[in-house]
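Thanks for coming. I will take one structure and go through it piece by piece, so please have it open in front of you.

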Amino acid sequence: MEKRDESICDSVWRSVHQADLVRIRACLTAGRYRPAHKKSDSPGNSLYEHCIAREDGLLTDSSVCALHKLADGSIQVDYRWQHSIAQREQLRSEVFDSVILTTPSWLIETNMRLEGFSKEMLPQPIVDAWKHAHWETSCKVYAPLQKRFLDSTPKFPQILVTDSFVHDVYAYRYNDRYAYDCILLSYTWEDDATKLAAFSGSELVDKCVTELDRILMRCSNIGVPISPYIDKRNIRIQRWMTDRNSLGCAKLYRAGTYYQAISLMKYNRDLASTSGLYLAGESFSVDAGWTEPCLRTAIDAVINLCAVTGAQFNGDFSLEHYPHYQVV
Ligand SMILES: Cc1cc2nc3c(=O)[nH]c(=O)nc-3n(C[C@H](O)[C@H](O)[C@H](O)COP(=O)(O)OP(=O)(O)OC[C@H]3O[C@@H](n4cnc5c(N)ncnc54)[C@H](O)[C@@H]3O)c2cc1C
């Protein structure tokens, strides 16, 4: 009997570009309104140029561990500078007029102390809303792939959606300046990612490679194993739930808490002028798993920050034109 394509469905529902590159790793950013520095900014300056011109403009490898609301209304941000290298880590502080909080919400509860914010500035229902959000998990298993494999197997699809525990498999062709291509051996979400949680990195890679070989050998249009082309010494496994900078990959709201989640989106307009704290990003939106709501909340934070600092909007825009979020 002829072999059949057992579990390959070459549907392109998310390109490698979308899934792997679109995840914008924004940092918690803090801004200080300092008119004295304005002269150095020419209108053509990018945000990056603007930030690197300041000592405190762009702090990389810095993990914020506390926000203190000070008596003069400003906010002290404590952060661990160079936190990825234990020997070099230093606890530092800066004081800002306003702070935009963009971290995944479970990290606020577990890694950051928020002090000095009164109940009027930061009401308990707001804190509850970010504490009780549900975060999904996801897992990706990457490995370098010898270029010979895609050269010699032109029918290998860019994306395989399987019914096996590896779930989805993506192949990525780098240009000739790179020695290797890349294979995403397994891309899973929620229960499918949880099933893989107990396996060590090397166990998981072995299982995925063996499973992919099994699938490919049964495919009439492939019929060759991929294992000889995979560099198993240089794998990279990303598990969002145990990544200390994430604790989850996509935020959902629990049943019955839609309006509680919307209240996070109202916060900037209603209370940020009193607290100096602005909320932006996936943690404070209701459409999880996509960058669009993150951008929308980022724009919302900027609009409200501009309004509070007395900035002049273009085109006669004012907050009167800006719709309100409804929470009932
Ligand atoms: C597997 C996966 C696939 C996805 N695919 C798509 C897709 O195809 N299309 C799409 O539109 N969206 C996709 N998304 C969703 C999109 O990536 C997110 O919605 C978006 O990145 C969220 O942006 P954010 O700025 O809110 O948070 P993040 O991008 O998570 O940024 C939060 C930042 O805070 C930093 N941070 C954490 N703790 C601290 C601290 N204490 N101090 C300072 N900084 C800290 C983190 O390092 C991180 O850089 C995907 C997400 C995942 C996980």
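Start with helix H7, residues 201-218, which lies across strands S8 (138-146), S10, S11 and S12. H7 runs at about 100° to S11. Before going further, please note that this is a predicted model.

Now the sheet under discussion. In what order do its 5 strands come? The order is S9-S10-S11-S8-S12, the sheet is open, and the pairing is antiparallel. S9 and S12, the latter at residues 236-239, are the edge strands, each pairing on one side only. From one strand to the next the twist averages 15°. As a reminder, strands of a sheet pair through backbone hydrogen bonds, either parallel or antiparallel.

Let me stay with S10. Strand S9, residues 159-161, is joined to S10 by 3 bridges, and the two run antiparallel. Val-161 is the residue opposite Asp-168 of S10. Between S9 and S10 there are 6 residues, making a hairpin, and His-167 in the turn has a positive phi of about 60°. S10 also pairs with strand S11, residues 180-189, again antiparallel, over 4 bridges. In that pairing Asp-168 sits opposite Tyr-187 of S11, and Tyr-170 sits opposite Leu-184 of S11.

Is S10 enclosed or open to the outside? S10 covers residues 168-172, and 4 of its 5 residues are buried, so the strand is largely enclosed by the rest of the structure.

While we are on phi angles: most residues other than glycine have a negative phi. Two further residues are worth pointing out here. Asp-61 has a positive phi of about 50° although it is not a glycine; Asp-61 lies in the loop between helix H2 (47-52) and strand S2 (62-69). Glu-190 is also not a glycine, and has a positive phi of about 45°. Glu-190 lies in helix H6, residues 190-194. As for exposure, Asp-61 has 14 C-beta neighbours inside 10 Å and therefore counts as partly exposed. Glu-190 has 14 such neighbours inside 10 Å, so Glu-190 counts as partly exposed.

Next, helix H8. How far apart are its end C-alpha atoms? They are 18 Å apart, and this agrees with the expected span, because the 13 residues of H8 (residues 258-270), at 1.5 Å a residue, should span 18 Å. H8 does bend, by about 35° at Leu-264. Leu-264 is buried, as are Ala-261, Met-265, Tyr-267 and Asn-268 of H8. The buried residues of H8 pack against helix H4 (124-131), helix H9 (272-275), strand S14 (277-279) and helix H10 (291-308).

That brings us to the cores. The largest nonpolar core has 30 residues, and those touching the most other members are Val-99, Leu-264, Tyr-278, Leu-279, Ala-280 and Ala-301. Which elements each supply at least two of its residues? They are S2, strand S3 (75-81), strand S5 (98-101), H4, H8, S14 and H10. H8 gives the largest share of this core, 4 residues.

Take Leu-279 as an example. Setting aside neighbours within four places in sequence, Leu-279 is in contact with Leu-101, Leu-264, Tyr-267, Asn-268, Phe-284 and Ala-301.

Finally, there is a second, separate core of 28 residues, and among them are Tyr-142, Ala-171, Cys-208 and Ile-230. That is the end of the tour, and I will take comments now.

Conventions. Residues are numbered from 1 along each chain as its sequence is written. This is a predicted model: local features need pLDDT of at least 70, side-chain atom pairs count only at pLDDT 80 or more; totals for chains, interfaces and linings use all residues. The expected span of a helix is 1.5 Å times one less than its number of residues. The bend at a residue is the angle between axes fitted to the seven residues ending there and the seven starting there. A residue is buried if 20 or more other C-beta atoms lie within 10 Å of its own, exposed if 12 or fewer, and partly exposed in between; C-beta atoms are placed from the backbone. Two residues are in contact if their C-beta atoms, placed from the backbone, lie within 7 Å. Two strands pair if DSSP finds at least two bridges between them. Axes are lines fitted to C-alpha atoms, for helices over the stretch in contact, and angles run from 0 to 180 degrees between N-to-C directions. A nonpolar core is a set of buried Ala, Val, Leu, Ile, Met, Phe, Trp, Tyr and Cys residues joined through C-beta atoms within 7 Å.
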